[in-house]
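Please open the model in your viewer and keep the sequence panel beside it. The tour moves from one selection to the next and says what is there at each stop.

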Amino acid sequence: MPVNRSRLPSRRRHRAAVLTTLALVVALLAAGCGSSPPPDPKAKDLDELYQEAKAEGEVIWFAPKPEAQMRPAIDAFRKKYPGIEVKYTNKKAPDLVTQLNVEQAADRVSFDVSNAGGLTVLPSLDMAANVQWSDYEVPADQVFDDNLVYVWAVPKVWAYNTKAVPRANIPTSWDGLLAPRWKSGKLTVESRGSFMTVWAQDPALGAEAGLDYASRLADSSPHYTENTTQAHANIISGQTPVGTDLINLVLGDQAKGAPIAVAPVGPTNANKSYLFVPKGSPHPAAGRLLTAFLASEEGQAALVDTYNSIIPTDTDCTDAATNKVVGALCKAGVKWFSETNVAQYEQFSAYFPKVEEALGTDVN
């Protein structure tokens, strides 16, 4: 079936990334030659680390989340560790990788805490500073490949507009999404195909079967969006009654009264999101302190109310009553899988282009 190019999002991402990189290079060169980065902290426990961080005075944190979602955690950190200003910037994960790569090459890193998830995990591994996180009371099961710290999950879900979709028509399975009623733009689908990674994770689904499914989904002529945030907006507006989404976005707007809910379509991928301190960060002690805090029970308690928290690696409803993300997944009957090793991220990196090709969204 010919690709409906009118439904495809702009394919200028690569060119935009190149232009962003060039702009960063020019800015860094204009700023002059690089200087030596601050020495790594000598602190061997949280109390000592706090004293070093307080001497630095501030911590600069970049992550792909609205500041409003991070504000409770920022306020809790400042209350526990007075004297350290938190400067937060909402920046997309791919842009973070691009910027950090350029800044490290120029020895002029401008931020202290970065985010990694999905396709940005592999490049981030080489950019992260070596940290003995156990010194700062970070549990071993929250540390990935030594230097990345698991702080929240981003479960991918299918969502629906509760005013536009009658109860009897709510899709309840992956196959149900291929029903004739959802053809011709009734589904909104993120064009990168990140919602398809679970097919490569779950043996019961299968990577090759996933590519066949993506082709059949493309045959139904969905409405493609460049990212999940745009798909989420389409569902809330009713422009497309069903689509790919993130449970964090669904729950956040649901709490504000938006007509949106999680569809019982599963299994799904609960993408893990990590924080790390970049090599050469300007405030390495403060970066370590903030990361350790967000991984702690106190930090997690501040994050959970804005639907950004650690959840079990695989389906486990034990904490459904206290963790809103787990509760929503379990209430909808959606099983989930999360990543556990570098090999899975390597698999995803190879799988994404194939999914885009199957969806017909890999055009330049």
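What follows is a walk from the whole chain to single residues, pairs and helices.

Before selecting anything, note that this is a predicted model, in which local features need pLDDT of at least 70 and side-chain atom pairs count only at pLDDT 80 or more, while totals for chains, interfaces and linings use all residues. Residues are numbered from 1 along each chain as its sequence is written, and side-chain values use heavy atoms, with hydrogens and water left out.

**The whole chain**

Begin with the protein chain in a cartoon view, where the secondary structure comes to 13 helices and 11 strands; helices (H or I, at least four residues) and strands (E, at least two) are DSSP runs, numbered from the N terminus. Of the 364 residues of the protein chain, 54% count as buried, where buried means under 20% relative accessible area, exposed means over 50%, and partly exposed lies in between (1.4 Å probe, protein chains only). If one takes the contacts between residues at least 6 apart in sequence, 78% of them join residues at least 24 apart, a contact being heavy atoms within 4.5 Å.

**Ser-114 and Ala-93**

Select Ser-114, which has its place in strand 3 (residues 114-117). With a relative accessibility of 1%, Ser-114 counts as buried. Leaving out residues up to four places away in sequence, Ser-114 touches Phe-62, Leu-96, Tyr-274, Leu-275, Phe-276 and Pro-278.

Next select Ala-93, which lies in helix 4 (residues 93-105) and is buried, its relative accessible area being 14%. Apart from neighbours within four places in sequence, Ala-93 is in contact with Pro-64 and Thr-120. Show Thr-120 as well: Ala-93 and Thr-120 are 27 residues apart in sequence, and their C-alpha atoms are 6.7 Å apart in space.

**The disulfide**

The structure holds 1 disulfide, a term that here stands for a pair of cysteine sulfur atoms within 2.5 Å. To see it, select Cys-317 and Cys-330, which are joined with an S to S distance of 2.0 Å. The pair links distant parts of the chain, with Cys-317 in the loop between helix 11 (297-304) and helix 12 (324-332), and Cys-330, 13 residues apart from it, in helix 12. The torsion about the S-S bond of Cys-317 and Cys-330 is about -100°, so the disulfide is left-handed. Cys-317 counts as partly exposed at 39% relative accessibility, and Cys-330 is likewise partly exposed at 21%.

**Salt bridges**

Side chains of opposite charge can pair when their charged atoms come close. The structure holds 9 salt bridges, each being a side-chain nitrogen of Lys or Arg within 4 Å of a carboxyl oxygen of Asp or Glu.

Select Arg-71 and Glu-67, whose side chains meet in a salt bridge with an N to O distance of 2.3 Å. Both residues lie in helix 3 (residues 67-80), 4 residues apart, which is about one turn of the helix. Arg-71 is partly exposed at 27% relative accessible area, as is Glu-67 at 35%.

Move on to Glu-190, which forms a salt bridge with Arg-192, their closest N and O atoms being 2.4 Å apart. Is Glu-190 buried or exposed? Glu-190 counts as buried, at 1% relative accessibility, whereas Arg-192 is partly exposed, at 32%.

Then select Arg-216 and Asp-212, a salt bridge in which the closest N and O atoms are 3.3 Å apart. Arg-216 and Asp-212 are separated by about one helical turn, because they are 4 residues apart in helix 7 (residues 207-219). Arg-216 is partly exposed with a relative accessible area of 37%, and Asp-212 counts as partly exposed at 45%. Returning to Glu-67 and Arg-71, add Asp-75 to the selection, since salt bridges that share partners join Glu-67, Arg-71 and Asp-75 into one network.**Two crossing helices**

Finally, select helix 10 (residues 284-295) together with helix 11: their axes come within 4 Å and cross at roughly 70°. Here axes are lines fitted to C-alpha atoms, for helices over the stretch in contact, and angles run from 0 to 180 degrees between N-to-C directions. That crossing makes helix 10 roughly perpendicular to helix 11, given that angles under 35 degrees count as roughly parallel, over 145 as roughly antiparallel, 65 to 115 as roughly perpendicular and the rest as oblique. Phe-293, Leu-294 and Ala-295 of helix 10 make the contact with Glu-297, Glu-298, Gly-299, Gln-300 and Leu-303 of helix 11.
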